[in-house]
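Welcome to a short tour of one protein model. Have the structure open as you read, and follow the residues from topic to topic.

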Amino acid sequence: MEKTKVQKGQLIVVSGPSGAGKGTVLAKAFEKYPNLRYSVSVTTRAPREKEADGVDYYFKNIDEYMKMLHDNEFLEHQCVYGNYYGTPRRKVEEMLDGGYDVVLEIDVKGALEIKSRFPEAVMIFITPDTKSTIEERLKKRSTEKEEELMVRIGSALEELKQAEKYDYVVVNEDADRSADDIGAIIRAEKCSTAKNKVFLNKLIYGGN
Ligand code: 5GP
């Protein structure tokens, strides 16, 4: 039987500046909503302390990455802060086909590419409640060298301007509440008329 969009699982794109607390919010959302799955990206960036291969990212060298790109293994890919990042196509498709709601945590350019190719994707932008929170969080994390840190703070503030291109904004004052906001957005999307067209057609014109 042909699967409807609703049965297929929702594609969710989450972006937001570094220091917005995306990681904490998403971790809470995964705890709360068992139907959510995280798409682990492939990157050429070096692992940070505590990051594990296959959990946070698939860490690849540039040759391995370029081979994957050449073999069309990415749904989208971008160069961010001088490193490559790509979304593995097959894994995302498998999870969606399995009925899971899949979160892509990707940069703004990648997000817009996904939206243009998959208009049914829901786009969520996570912001901090104040600008200074960004600086504080990034400095506290302090995994980058000072110079790189300044670049990230500058880009993070610049990135806030992109929020209006997204369908929803989640202001992260409290990670638990923000995770609930994400859950609510997904539920609302699943009730949208656009995502229930196949169901409605069957209901109206189909048999019993
Ligand atoms: P970080 O190095 O801090 O983990 O990530 C840097 C940026 O790359 C973040 O904005 C993150 O959302 C983005 N990013 C991570 N994975 C992907 C991906 O697969 N595609 C794209 N376009 N951006 C990604």
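Is Asp-101 buried or exposed? Asp-101 has a relative accessibility of 4%, which is under the 20% limit, so it counts as buried. Please keep in mind that this is a predicted model. The bullets below begin with confidence and then move to charged pairs, a lone acid, a proline and a surface patch.

**Confidence**

- The average pLDDT of the protein is 92, and 95% of the residues reach at least 70.
- Residues 1-6 are a stretch to treat with care, as their pLDDT is below 50.
- That stretch, residues 1-6, still has twelve contacts in the model beyond near neighbours in sequence.
- Where pLDDT is low, predicted coordinates should not be read in detail.

**Salt bridges**

- In total, the structure holds 15 salt bridges.
- One of them joins Lys-190 to Asp-101, with 2.9 Å between the closest N and O atoms.
- Lys-190 belongs to helix H8 (residues 175-190) and Asp-101 to strand S7 (residues 101-105), so this pair ties together parts that are 89 residues apart in sequence.
- Lys-190 is partly exposed at 24% relative accessibility, whereas its partner Asp-101 is buried at 4%.
- Within helix H7, Glu-148 and Arg-152 also meet through their side chains in a salt bridge, at 3.9 Å from N to O.
- Glu-148 and Arg-152 are about one helical turn from each other, because they are four residues apart in helix H7.
- Glu-148 has a relative accessible area of 34% and is partly exposed, while Arg-152 is buried at 5%.
- A further salt bridge links the side chains of Glu-189 and Lys-195, with an N to O distance of 2.6 Å.
- In this pair, both Glu-189 and Lys-195 are buried.
- There is also a network of salt bridges, which links Lys-32, Asp-176 and Asp-180.

**A buried acid without a partner**

- Glu-159 sits in helix H7, which covers residues 146-159.
- Which side chain of opposite charge is nearest to Glu-159? That side chain is Lys-22, at 5.8 Å.
- Glu-159 has no salt bridge although it is buried; the cut-off for a salt bridge is 4 Å from nitrogen to oxygen, so Lys-22 at 5.8 Å does not qualify.
- Leaving aside residues up to four places away in sequence, Glu-159 touches Gly-16, Pro-17, Tyr-81, Val-108 and Phe-125.

**A proline in a strand**

- Pro-88 is part of strand S6, which runs over residues 83-88.
- With a relative accessible area of 7%, Pro-88 falls under the 20% limit and is therefore buried.
- Not counting residues up to four places away in sequence, Pro-88 is in contact with Ser-39, Val-40, Ser-41, Val-42, Glu-73 and Phe-74.
- Gly-16, a neighbour of Glu-159, is 72 residues from Pro-88 along the chain, and their C-alpha atoms are 20 Å apart.

**A nonpolar surface patch**

- Phe-199, Leu-200, Leu-203, Ile-204 and Tyr-205 make a nonpolar patch of about 570 Å² on the surface.
- Where is Phe-199 placed? Phe-199 is in helix H9, which spans residues 197-205.
- Phe-199 counts as partly exposed because its relative accessibility is 46%, between the limits of 20% and 50%.

Terms used: Residues are numbered from 1 along each chain as its sequence is written. This is a predicted model: local features need pLDDT of at least 70, side-chain atom pairs count only at pLDDT 80 or more; totals for chains, interfaces and linings use all residues. Side-chain values use heavy atoms; hydrogens and water are left out. Helices (H or I, at least four residues) and strands (E, at least two) are DSSP runs, numbered from the N terminus. Buried means under 20% relative accessible area, exposed over 50%, partly exposed in between (1.4 Å probe, protein chains only). Contact means heavy atoms within 4.5 Å. pLDDT is the predictor's confidence in each residue, from 0 to 100. Patches are made of residues with over 30% relative accessible area and no salt bridge: like charges are joined within 9 Å, nonpolar side chains (Val, Leu, Ile, Met, Phe, Trp, Tyr) within 5 Å. Accessible areas come from the Shrake-Rupley method with a 1.4 Å probe; for residues, only the protein chains shown count as cover. Lys and Arg count as positive and Asp and Glu as negative; His and the chain ends are not counted.
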